[in-house]
Amino acid sequence: MGLFSTIMSKIFGHAEAATPSTTAAPAEAAAAPATAAAAPVDVDAVLSGLAANAGQPLNYKTSIVDLLKLLGLDSSLQSRKELAGELHYSGSTDDTATMNVWLIKQVYAELAKNGGKVPADWTH
């Protein structure tokens, strides 16, 4: 599983955990994750909730490093270079500032494409 898949899992998993459970029959409960996945996940709400419990200020809206930290993931340069490759970054990974700016916007754009409700200004 790639880093982006892990990011999606962390964010979408927290959203599913926050969804109130029902007292459905086992067959209905098994179908519930598919239904929940169809509904857009409010990425801002999930991340705001995590940030409230982070114990440190994290600028996850504009910093890929802080987003990864917030999600409890490796934020090292090597990890970010791997994420850049996974998301088809075509610039130089040696220009880390440019890469990082591109990464945070691309991660949010990809989350939006995959069922996340992301504020428009996070992807531009």
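This report looks at model confidence and aromatic pairs in a predicted structure.

## How far to trust the model

Let's start with confidence. The protein chain has an average pLDDT of 86, and 81% of the residues reach at least 70. Helix α4 (residues 64-70) has the highest mean pLDDT among the elements, at 98, while helix α2 (residues 26-38) has the lowest, at 46.

The weak stretch covers residues 21-37, where pLDDT stays under 50. For those residues the model has just 2 contacts beyond four places in sequence.

## Y89 and W102

Searching the whole structure turns up 3 aromatic pairs. One of them joins Y89 and W102, with 4.9 Å from centre to centre and 50° between the planes, a tilted arrangement. Y89 sits in the loop between α5 (77-86) and α6 (96-113), W102 sits in helix α6, and the two are 13 residues apart, so this pair links distant parts of the chain.

As for burial, Y89 has a relative accessible area of 15%, so it falls under the 20% limit and is buried. W102 comes out at 25%, so it counts as partly exposed.

## Y108, W122 and the cluster

Y108 and W122 also make a tilted pair, because their ring planes stand at 50°; the centres are 4.8 Å apart. Y108 belongs to helix α6 and W122 to the segment after β2 (116-117), so the pair ties together parts 14 residues apart in sequence.

Both Y108 and W122 are buried. They also have company: together with Y60 they form one aromatic cluster.

Methods:
Residues are numbered from 1 along each chain as its sequence is written. This is a predicted model: local features need pLDDT of at least 70, side-chain atom pairs count only at pLDDT 80 or more; totals for chains, interfaces and linings use all residues. Side-chain values use heavy atoms; hydrogens and water are left out. Rings of Phe, Tyr and Trp (its six-membered ring) pair if their centres lie within 6.5 Å; planes under 30 degrees apart count as stacked, over 60 as edge-to-face and the rest as tilted. Helices (H or I, at least four residues) and strands (E, at least two) are DSSP runs, numbered from the N terminus. Buried means under 20% relative accessible area, exposed over 50%, partly exposed in between (1.4 Å probe, protein chains only). pLDDT is the predictor's confidence in each residue, from 0 to 100. Contact means heavy atoms within 4.5 Å.
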